[in-house]
Amino acid sequence: MTSTSAASAWTSEELDSIEHAEELQIASLRQGGELGSRRTIWVVRVGAGVYVRSVNGPGSDWYRGTRARREGRIQAGGVGKDVSIIDADDEVNDAVDTAYRTKYGHYAAYIIKAITSPEAGSTTMRLEPR
C-alpha cells in the first residue's frame, strides 16, 4: 500500500478540522512504547491525505524520532488520534508543496522556501489513523 493510493480512514469532519488547524502537535511512539515529547509543526491536507514534514530536514530530532516505530499521536483542530507515520511517495511532493504555499503563504517567503525545499520534501510523511 503506497501513501498516495491508500484509502483514508479519516472522516470528512476530521480532515476538515485538521486542514483548518494552523498547527499540529505530534508525539512519536518510542521503541519502548511510550510517547516522546510533543512537537508543534505545520500540517497540510492533499485530497484525503494528511501530510507533515520537517522544515529542518532529516536531521531534526522530532523527525528522527518518527523513524523508531513510525507511530505516534497527533492533536490538531480538536482532533486527537493515534497515527501511523508513513513515508510519502515522491510523486505527492509537488501537491504537498502547493498545499504548504497555499495554507501558509502569509508567512515570510524564506519560511515557505524552507518548508518546500528538497531537504524538507525528503521528509514528507502521510499520517493515517490507527
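Strands E5 and E6 make a hairpin with two residues between them, and Gly 77 in the turn has a positive phi of about 60°. Helices (H or I, at least four residues) and strands (E, at least two) are DSSP runs numbered from the N terminus, and two strands pair if DSSP finds at least two bridges between them. This is a predicted model, where local features need pLDDT of at least 70 and side-chain atom pairs count only at pLDDT 80 or more, while totals for chains, interfaces and linings use all residues. Residues are numbered from 1 along each chain as its sequence is written, and side-chain values use heavy atoms, leaving out hydrogens and water.

Back to the hairpin. E5 pairs with E6 (residues 79-87) in the antiparallel sense over six bridges, with Glu 71 standing opposite Ser 84 in E6. E5 also pairs with E1 (residues 24-28), again antiparallel, over four bridges; here Ala 27 stands opposite Arg 73 in E5. In a regular strand the side chains alternate between the two faces of the sheet. In E5 (residues 71-76), Gly 72, Ile 74 and Ala 76 make up the covered face, while Glu 71, Arg 73 and Gln 75 sit on the uncovered one.

What packs against the buried residues of helix H1? Strands E3 (44-46) and E4 (49-52) do, along with E5, E6 and helix H3 (93-104). In H1 (residues 12-20), the buried residues (under 20% relative accessible area with a 1.4 Å probe, protein chains only; exposed is over 50%, partly exposed in between) are Glu 14, Leu 15 and Ile 18. Seen down the axis of H1, they fall within an arc of 100°, so they line one face of the helix; the arc is that of the directions from the helix axis to the C-beta atoms. Ser 12, Glu 13 and His 20 are exposed on the face turned away from that buried side.

Ile 18 turns up again in the largest nonpolar core, which has 30 residues; it is one of those touching the most other members, including Trp 10, Ile 74 and Val 52. Such a core is a set of buried Ala, Val, Leu, Ile, Met, Phe, Trp, Tyr and Cys residues joined through side-chain atoms within 4.5 Å. Leaving aside neighbours within four places in sequence, Val 52 is in contact (heavy atoms within 4.5 Å) with Leu 24, Trp 62, Tyr 100 and Leu 127, among others.

Finally, Thr 66 lies in helix H2 (residues 61-66) and counts as buried because its relative accessibility is 0%. Beyond its neighbours within four places in sequence, Thr 66 is in contact with Ser 28, Ile 85 and Met 125.
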